[in-house]
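Subject: A structure to look at

Hello,

I am passing a structure on to you, and I hope you enjoy looking through it. Please open it first, then read my notes below.

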Amino acid sequence: MLHEKEIERVKKYYSTRIEYHKKNPCPSPSGASASSYILKRKEEEFLKAAERSGIKDFATQSLLEVGCGGGSWIAKWATL
């Protein structure tokens, strides 16, 4: 069946991807862990998006955060 072929294709893709990343871990210029590197990159992209939107001074802004998760970004935005 087509469905079973698709499942096998996805399994094969992800198994090779997992092996690749075991041999080639996420590069981190600062030597930090991959998760802290990813969080830093998210922050950088958020700040770029804010700047493109004309937001330069976060002290004068209001923010409504509607999402899922533990709320860690709320604390981060508060420091900006």
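One definition before the notes: the expected span of a helix is 1.5 Å times one less than its number of residues. Please keep in mind as well that this is a predicted model.

With that in hand, take helix α2, residues 34-52. This helix has 19 residues, and the distance from its first C-alpha to its last is 27 Å, close to the 27 Å expected at 1.5 Å a residue. After α2 comes G54, whose phi is positive, near 90 degrees.

Now for the chain as a whole. The protein chain holds three helices and zero strands, and from the N terminus on its elements run α-α-α. Of its 80 residues, 4% are buried. The chain exposes about 7200 Å², with carbon and sulfur atoms supplying 59% of that area.

How do α2 and α3 cross? The axes of α2 and helix α3 (residues 72-79) come within 12 Å and cross at roughly 55 degrees. Angles from 35 to 145 degrees that fall outside the 65 to 115 range count as oblique, and α2 and α3 are therefore oblique to each other. The crossing in which α2 passes α3 is right-handed.

You can also look at the side of each helix that takes part. From α2 come L39, K42, E43 and F46, and they meet W73, K76 and W77 in α3.

Two residues seem good places to pause.

The first is E43, which is found in helix α2. Is E43 buried or exposed? Buried means under 20% relative accessible area, and E43 has a relative accessible area of 14%, so it is buried. Leaving aside neighbours within four places in sequence, E43 is in contact with W73 and K76, and both of these belong to the α3 residues named above.

The other is F58, in the loop between α2 and α3. F58 has a relative accessible area of 21%, so it is partly exposed. Which residues does F58 touch? Not counting residues up to four places away in sequence, they are F46, L47, A50 and L80. F46 also appears among the α2 residues that meet α3. Finally, F58 and A78 are 20 residues apart along the chain, and their C-alpha atoms are separated by 8.6 Å.

I hope these notes help you find your way around.

Best wishes

Technical notes:
Residues are numbered from 1 along each chain as its sequence is written. This is a predicted model: local features need pLDDT of at least 70, side-chain atom pairs count only at pLDDT 80 or more; totals for chains, interfaces and linings use all residues. Side-chain values use heavy atoms; hydrogens and water are left out. Helices (H or I, at least four residues) and strands (E, at least two) are DSSP runs, numbered from the N terminus. Buried means under 20% relative accessible area, exposed over 50%, partly exposed in between (1.4 Å probe, protein chains only). Accessible areas come from the Shrake-Rupley method with a 1.4 Å probe; for residues, only the protein chains shown count as cover. Axes are lines fitted to C-alpha atoms, for helices over the stretch in contact, and angles run from 0 to 180 degrees between N-to-C directions. A crossing is left-handed if the near helix is turned anticlockwise from the far one by less than a right angle, and right-handed if clockwise. Contact means heavy atoms within 4.5 Å.
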